[in-house]
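Q: I am new to this protein and would like to learn how to read its empty spaces and its helix packing. Could we go through them step by step?

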Amino acid sequence: MNTEIQNIYKELGISDKVYQFSAEILDGLSERFKEIDKNAEYNQLKVVKAMQDSRVSEACLLGTTGYGYNDLGRDTLEAVYASIFHTEDALVRPQITCGTHALALALMSNLRPGDELLSPVGKPYDTLEEVIGIRPSKGSLAEYGITYAQVDLLENGVFDYENIKRAINENTRLVTIQRSKGYQTRPTLSVRRIGELISFIKRIKPDVICMVDNCYGEFVERLEPSDVGADMVVGSLIKNPGGGLAPIGGYIAGKREYVENAAYRLTAPGLGREVGASLGILKDLYQGIFLAPTVTAAALKGAIFAANAYERLGFRVVPDGSESRHDIIQAVELGSPEGVVAFCRGIQSAAPVDSFVAPEPWDMPGYDSKVIMAAGAFVSGSSIELSADGPIKPPYAVYFQGGLTFEHARFGIMKSLQSLADAGIVSF
Ligand SMILES: *Cc1c(COP(=O)(O)O)cnc(C)c1O
């Protein structure tokens with residue numbers, strides 16, 4: 001029937017058995033995919049409306065150099081982000097180098113010595129440990145006399161309301177809520193649950209700043225955390241909102257005061273957002289946010305396909321094959337270092353760039369164990385593109401994400417299945 005397609009898969013190293021297996025998995029997913037397409041439609045229109053309402057013009061696609069005063073494109077792009085997230089303001093800059101930088105900036109600019117930061121959802125993302133000073137680090141919040149409190153999630157991912165209430169004190173200034181699971185196997189938080197948590201916290205202390213680490217969550221649902229009470233949402237442009245085209249950057253969208261604080265910290269007191277040349281990348285940032293809803297949908301379909309394939313093979317997957325989705329990350333617990341390496345090598349071999357290299361575990365800055373990363377991306381390190389990574393520590397889980405098209409995400413997963421089969425870890 002599909003021999004032509006099957007043949008080209010074969011040329012790319014996919015056996016008939018892996019092809020058949022994945023075709024069966026895919027057959028069961030059409031209803032789920034329809035729902036994702038509906039969300040993509042809604043979010044596509046939300047983005048177009050934001051662009052039209054902000055009067056994006058051809059001139060906005062050009063950039064500035066030097067100080068970057070009066071950069072129309074940069075300022076309009078920030079208005080577009082504020083409109084999408086329904087916030088008073090936004091800072092969207094190539095000078096924000098990555099997601100960790102965006103989060104560090106939001107924290108360092110809005111916290112002062114003596115303030116306390118609270119995470120009511122357990123341990124934050126690995127790189128944040130050094131920002132906060134959980135692991136001692138130069139320039140951490142701890143070095144500036146900013147303390148940190150944490151309340152872990154209860155078993156099965158439920159908020160520990162009692163201890164959250166107890167942890168909020170007169171010094172608590174900012175609450176950080178991580179939407180995505182990061183390198184953990186807890187459930188990702190839905191926007192609705194984030195809203196419930198924020199309401200609870202604001203009832204106890206109305207003036208506390210609620211910040212959401214929105215990495216990997218953008219456009220997965222119709223609402224964003226800023227629609228349910230978050231004062232700031234923060235993320236990376238080489239994940240969902242960059243649509244695969246943004247070559248660098250981060251964003252902070254939220255209340256004007258908090259965004260302004262971040263701008264003064266990013267550049268210098270007195271200068272703030274007035275400086276910061278956009279160079280030549282604005283067209284990519286605009287086109288990226290325009291494509292982001294459908295690119296995110298493709299990545300989401302890839303994640304669901306991966307969950308169902310690996311679940312069928314008997315591995316624990318988070319989320320499971322039928323759960324509702326709140327980010328684009330798929331965790332697969334492979335249970336051994338060899339499994340993690342084989343999976344990542346399979347993903348790498350599906351890449352459009354650097355498909356011929358074999359990734360190795362290494363001591364990546366900011367992480368407390370060796371990490372292996374598969375990424376043959378157009379934008380280095382971009383994880384909205386087909387990518388996978390896994391820390392080499394129990395439970396030996398890999399985190400798979402991305403794929404700018406579903407066809408490519410599907411191929412990547414098929415290559416990972418083939419790689420595990422070739423290593424003798426699974427059989428079909
Ligand atoms: C990716 C990520 C970050 C950090 O982003 P980088 O761009 O890698 O610095 C922070 N939090 C979460 C939940 C992430 O997924």
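Q: Which element gives the largest share of the lining of the largest cavity?

A: The model we are looking at is a predicted one. Rolling a probe the size of a water molecule over the atoms shows where empty space is left. In this structure, the largest share of the lining of the largest cavity comes from strand 4, residues 172-178, which contributes three residues. The full lining consists of Leu107, Ser119, Pro124, Leu128, Thr176, Ile177, Gln178 and Asp213, and by class these residues are four nonpolar, three polar and one charged. The volume of this largest cavity is about 60 Å³.

Q: How many cavities of 30 Å³ or more does a search of the whole structure find, and what lines the second largest cavity?

A: The search finds two cavities of 30 Å³ or more, and the second largest has a volume of about 40 Å³. Around the second largest cavity lie Ile36, Asn39, Ala40, Phe219, Val220, Pro293, Thr296, Ala297 and Leu300. Helix 3 and helix 10 are the elements that give two or more residues to this lining, with helix 10 providing the largest share, four residues. Seven of the lining residues are nonpolar and two are polar, while none is charged.

Q: At what angle do helix 3 and helix 10 pack, and how far apart are their axes?

A: Two packed helices are described by the angle between their axes and the distance between the axes. Here helix 3 (residues 30-53) and helix 10 (residues 282-312) pack at about 170°, and their axes are 9 Å apart. That angle makes helix 3 roughly antiparallel to helix 10, because angles over 145 degrees count as roughly antiparallel. Among the residues in contact are Ile36, Ala40 and Val47 of helix 3, together with Pro293, Ala297 and Leu300 of helix 10. Taken by class, the contact has 13 nonpolar, three polar and three charged residues.

Q: What is the volume of the largest pocket, and which residues are closest to its centre?

A: A pocket is an open space, whereas a cavity is one that the probe cannot get out of. The largest pocket in this model holds about 830 Å³ of space. It is lined by 43 residues, of which Tyr125, Met364, Tyr367, Met373 and Gly381 are the closest to its centre. The elements that give two or more residues to this lining are helix 5 (99-110), helix 6 (126-132), strand 10 (371-375), strand 11 (387-391) and strand 12 (397-401).

Q: How do the lining residues of the largest pocket divide by class?

A: The lining of the largest pocket has 22 nonpolar, 17 polar and four charged residues.

How values were computed:
Residues are numbered from 1 along each chain as its sequence is written. This is a predicted model: local features need pLDDT of at least 70, side-chain atom pairs count only at pLDDT 80 or more; totals for chains, interfaces and linings use all residues. Side-chain values use heavy atoms; hydrogens and water are left out. On a 1 Å grid over the protein atoms alone, a cavity is a set of points where a 1.4 Å probe fits but cannot get out, and a pocket is an open set with protein on both sides within 12 Å along at least five of seven lines; lining residues have an atom within 4 Å of a point. Grid points are joined across faces, edges and corners, and a volume is the space filled by probe spheres set on the points. Ala, Val, Leu, Ile, Met, Phe, Trp, Tyr, Cys and Pro count as nonpolar, Asp, Glu, Lys and Arg as charged, and the others, Gly among them, as polar. Axes are lines fitted to C-alpha atoms, for helices over the stretch in contact, and angles run from 0 to 180 degrees between N-to-C directions. Angles under 35 degrees count as roughly parallel, over 145 as roughly antiparallel, 65 to 115 as roughly perpendicular and the rest as oblique. Contact means heavy atoms within 4.5 Å.
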